[in-house]
Amino acid sequence: MRAIVVTELGGPEVLEPRDEPDPEPGRGQLLVDTEAIGVNFRDIYEREGAGGYSNDPPFVAGAEGAGTVAAVGDGVHDFSVGDRVAWAAAAGSYAERVVVDQDKAVTVPDGVTTEIAAAAILQGMTAHYLAIDTYAVQPHDPVLVHAAAGGVGLLLTQIVKLRGGRVIATTGSEEKAELARGAGADHVLGYDGFADKARELSGGGGVAVVYDGIGKSTFEDSLSSLRPRGHMVLYGAASGQPDPVAAQRLHSGGSLYLTRPGLPHYTATTHELRFRAAEVFGWIADRRLDVRIGARYPLEDARHAQEDLAGRKTTGKVLLMPR
C-alpha cells in the first residue's frame with residue numbers, strides 16, 4: 001500500500017511517500033480501506049516532535065480518517081466487513097489501509113458520506129466538547145471564536161449558534177470573513193485590536209468565553225477581551241505556545257478561568273466517543289451542521305497539504321484522498 005512516512009522529525013520535507021506492507025488487524029482491531037484522511041495541526045506537531053508528541057521515526061503519519069472495513073481481528077463484535085467507519089485516533093492514518101482499534105471507531109450513519117465523516121470526526125467532536133462541555137454556551141452569551149473560517153472555527157460557530165450564543169468571529173481576510181458570516185457569525189473582526197472591539201460588541205463587559213486555537217499571537221488580547229469570571233479556552237497553538245501566565249493575571253482580569261482542553265480527555269471512554277460523534281453526525285444528517293471541505297489533495301501531496309494548513313492558506317477541512 002502507499003503511505004506517507006515521517007522519515008525524521010522536522011519540516012514538511014521529511015514526509016515521504018512510500019510503499020509499505022499492508023497492516024494486519026490484531027485482536028479487537030479493524031482493517032479499513034481508507035477513503036478520506038483528515039489533515040490536522042496535530043499531524044504537524046507529530047511530524048515536528050512538538051506539542052507532546054514523541055514518536056520515533058520512521059512512522060506513518062496521521063490519525064484521522066474514514067473508510068470501509070476490509071477485515072476484522074479476533075474479538076471484534078461491534079463491526080463487520082463492509083461497514084463504514086470513521087476515527088480520530090488511529091496511528092498511521094496517512095495510508096491506503098489503516099488498522100483501527102474497534103473501541104476508537106465510530107459508525108458512519110446513513111445521510112453522512114464517508115468523505116464528510118472524515119472531514120468532521122476530529123474537528124466536529126472538538127467543536128462539540130468546546131461549546132457543550134468545556135464551557136457550556138448559554139443563550140445570548142457573547143462568544144469570541146478565533147480563526148472562525150478554519151475547520152474547527154466554522155463548526156464551532158454553528159454549534160454556538162445552535163445553543164443560542166452570539167458569535168464574535170475573527171478571521172484573516174475578507175474571503176474568510178464571508179465564510180464566517182455564512183456559518184452564522186453575528187460580527188466578524190480582523191485580529192488588529194480585536195480585544196477592544198469584542199468588549200464593545202459585548203456591551204462593554206467582555207465576552208463570556210474565548211475559543212482560541214491560535215495561541216501565542218492572540219493569547220494576551222484574548223484574556224483582555226473576557227468579562228469577569230470569563231473562560232479562556234485555549235485548544236491549539238497554530239502561532240506557537242503562549243508565554244507562561246502568572247496566576248495573579250487571572251485575578252486581576254476578573255477571576256478568570258483558563259483551561260487547555262484536548263479531545264482525548266473528552267472522548268476518554270468508548271461510550272463518550274460514540275455519543276459525541278453520533279450527535280455531530282446527527283446534526284450533519286439533519287442539515288443543522290454544514291461541513292466545508294476547503295481542499296482535497298492526493299495522498300502523495302501530503303507535504304503540500306501540511307504546508308498550506310500551516311501557512312493558513314486553507315479554509316474549512318483539508319483532506320488527503322488515497323485513491
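Which backbone nitrogen lies 2.9 Å from a polar atom of the side chain of E64? In this predicted model, the backbone nitrogen in question belongs to L122. The residue E64 is treated again below, after an account of the chain as a whole.

The chain contains 10 helices and 16 strands. Its radius of gyration is 20 Å, close to the 20 Å that the globule rule gives for 323 residues, so the chain is as compact as a globular protein of that length. The C-alpha trace spans about 60 × 40 × 35 Å along its principal axes. Of the 323 residues, 53% count as buried. When contacts between residues at least 6 apart in sequence are considered, 68% of them join residues at least 24 apart.

The surface and the charges of the chain were also computed. About 13,500 Å² of the chain is exposed, and carbon and sulfur atoms supply 48% of this area. The chain carries 31 positive and 43 negative charges, and the mean positions of these two sets are 6 Å apart.

Four residues located in loops were then examined individually. E64 is found in the loop between β4 (59-60) and β5 (65-72). Its relative accessible area is 0%, and because residues under 20% count as buried, E64 is assigned to the buried class. Beyond residues up to four places away in sequence, E64 touches I37, G38, V39, N40, W87, A88, S93, A118, I121, L122, Q123 and K317. One of these residues, L122, provides the backbone nitrogen that lies 2.9 Å from a polar atom of the E64 side chain. Another residue in the list of contacts is N40; E64 and N40 are 24 residues apart in sequence, and their C-alpha atoms are 8.4 Å apart in space.

S225 occupies the loop between α6 (219-224) and β13. With a relative accessibility of 0%, S225 likewise counts as buried. A polar atom of the S225 side chain lies 2.7 Å from the backbone oxygen of S222. Residues up to four places away in sequence being set aside, the residues touched by S225 are L144, A195, A198, R199, G206, V207 and V210.

D141 is placed in the loop between α2 (114-134) and β9 (142-145). This residue is buried, with a relative accessible area of 7%. The side chains of D141 and Y135 are joined by a polar contact of 2.8 Å. Y135 also appears among the residues in contact with D141 when neighbours within four places in sequence are left aside, together with A136, G165, R166, A208 and R227.

D243 lies in the loop between β13 (226-234) and α7 (247-252). Is D243 buried or exposed? The relative accessible area of D243 is 52%, and because the exposed class begins over 50%, D243 is exposed. The side chain of D243 nevertheless makes a polar contact of 2.9 Å with the side chain of K216. D243 and F219 are 24 residues apart along the chain, and their C-alpha atoms are separated by 8.7 Å.

In summary, E64, S225 and D141 are buried, whereas D243 is exposed. Polar contacts between side chains were found for D141 with Y135 and for D243 with K216. For E64, the polar atom of the side chain is paired with the backbone nitrogen of L122, and for S225 with the backbone oxygen of S222.

Key:
Residues are numbered from 1 along each chain as its sequence is written. This is a predicted model: local features need pLDDT of at least 70, side-chain atom pairs count only at pLDDT 80 or more; totals for chains, interfaces and linings use all residues. Side-chain values use heavy atoms; hydrogens and water are left out. Helices (H or I, at least four residues) and strands (E, at least two) are DSSP runs, numbered from the N terminus. The radius of gyration is taken over C-alpha atoms; the globule rule is 2.2 Å times the number of residues to the power 0.38. Buried means under 20% relative accessible area, exposed over 50%, partly exposed in between (1.4 Å probe, protein chains only). Contact means heavy atoms within 4.5 Å. Accessible areas come from the Shrake-Rupley method with a 1.4 Å probe; for residues, only the protein chains shown count as cover. Lys and Arg count as positive and Asp and Glu as negative; His and the chain ends are not counted. The place of a charge is taken as NZ of Lys, CZ of Arg, CG of Asp or CD of Glu. A polar contact is a pair of N or O atoms within 3.5 Å; within protein, one must be able to donate a hydrogen and the other to accept it, and residues adjacent in sequence count only if both atoms are side-chain atoms.
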